[in-house]
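Trainee: Hey, got a minute to go through a structure with me? I'd like to take it residue by residue.
Mentor: Sure, pull it up and ask away.

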Amino acid sequence: MIEKHINKVNVNPFFCSLIFQSFYKGYENEKCSILLHYLVLPFILYSDIREIFSSITVRNNLENVIKSNKVAFADIQDRVWTMKKLTDLTLINLHSQQKITLKADIEIHESVDYVYYNADIKQYLRSASYVGKLFKNEVKSDIFKHLKVIL
């Protein structure tokens, strides 16, 4: 599928739910901070950052990824605020489908593996899973400090 057609589809909370569930697969934890969710969609729905995460290895850490790609992360604060409403709707959608429980920390009930999806969507889900792998080894406050994002 062409990138412009995917961009029309990706503003849908149901599609973004798959992105979050793939993120959970990489995060490999039963609970996740609600604040981290506000970073996932800006990382995945913008192609310049998504491409960075689709090519990282498990040995990378967030600080190194940001330092080597400063231009891509320059306007991340604006992207987080732009995607805030979509993130809220996606969390509500996941909660209504009983795939997560909204509390102080989100309790994860169901995740998805990107390998079972077709190539058009697979790149989005694979990148989301890699973001989860990168975030699971980081302290939440360090993630926001490295990105210079304020919620």
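Trainee: Okay, where is glutamine 98 found?
Mentor: Glutamine 98 sits in the loop between α7 (84-96) and β2 (100-101). Those labels come from DSSP runs counted from the N terminus, with helices being H or I runs of at least four residues and strands E runs of at least two. Before we go on, this is a predicted model, where local features need pLDDT of at least 70, side-chain atom pairs need 80 or more, and totals for chains, interfaces and linings take in all residues. Residue numbers start from 1 along each chain as its sequence is written, and side-chain values use heavy atoms, leaving out hydrogens and water.

Trainee: Got it. Is glutamine 98 buried or exposed?
Mentor: Glutamine 98 counts as exposed because its relative accessible area is 64%. The cut-offs are under 20% for buried, over 50% for exposed and partly exposed in between, using a 1.4 Å probe and protein chains only.

Trainee: And what is phi of glutamine 98 near?
Mentor: Phi of glutamine 98 is near 60°, so to speak on the positive side, in a residue other than glycine. Most residues other than glycine have a negative phi.

Trainee: What about phi of lysine 148, what is that near?
Mentor: Phi of lysine 148 is near 60°, a positive value, and lysine 148 isn't a glycine either. You'll find lysine 148 in the segment after α9.

Trainee: Is lysine 148 exposed or buried?
Mentor: Lysine 148 is exposed, because its relative accessibility is 68%.

Trainee: Let's switch to a strand. Where is isoleucine 106 found?
Mentor: Isoleucine 106 is in strand β3.

Trainee: Why does isoleucine 106 count as buried?
Mentor: Because isoleucine 106 has 0% relative accessibility.

Trainee: So which residues does isoleucine 106 touch?
Mentor: Leaving aside residues up to four places away in sequence, isoleucine 106 touches Tyr24, Glu30, Lys31, Cys32, Ile34, His37, Leu91, Ile100 and Thr101. A contact here is heavy atoms within 4.5 Å.

Trainee: How many residues apart in sequence are isoleucine 106 and glutamate 30?
Mentor: They're 76 residues apart in sequence, and in space their C-alpha atoms are 8.3 Å apart.

Trainee: Tyr24 was in that list too. What separates the C-alpha atoms of tyrosine 24 and aspartate 113?
Mentor: The distance between the C-alpha atoms of aspartate 113 and tyrosine 24 is 9.3 Å, and along the chain they are 89 residues apart. Aspartate 113 belongs to the loop between β3 (105-108) and α8 (119-136).

Trainee: What relative accessible area does aspartate 113 have?
Mentor: Aspartate 113 has 24%, so it is partly exposed.

Trainee: Now helices! Where is the place of cysteine 16?
Mentor: Cysteine 16 is in helix α2, which covers residues 13-27. Cysteine 16 is buried, with a relative accessible area of 0%. Its C-alpha atom is separated by 14 Å from that of valine 80, which is 64 residues apart from cysteine 16 along the chain.

Trainee: And serine 68, in which helix does that lie?
Mentor: Serine 68 lies in α5.

Trainee: Exposed or buried, that serine 68?
Mentor: Serine 68 is exposed, at 56% relative accessibility. From serine 68 to isoleucine 52 is 9.9 Å between C-alpha atoms, and the two are 16 residues apart along the chain.

Trainee: One last topic. At what angle do the axes of α3 and α4 cross?
Mentor: The axes of α3 (residues 34-45) and α4 (residues 47-54) cross at roughly 95° and come within 5 Å. An axis is a line fitted to C-alpha atoms over the stretch in contact, and angles run from 0 to 180 degrees between N-to-C directions.

Trainee: Which residues in α3 and α4 meet?
Mentor: On the α3 side it's Pro42, Phe43, Ile44 and Leu45, and they meet Ser47, Ile49, Arg50 and Phe53 of α4. By class, this contact of α3 with α4 has six nonpolar residues, one polar and one charged. Nonpolar covers Ala, Val, Leu, Ile, Met, Phe, Trp, Tyr, Cys and Pro, charged covers Asp, Glu, Lys and Arg, and the others, Gly among them, are polar.

Trainee: Nice, thanks!
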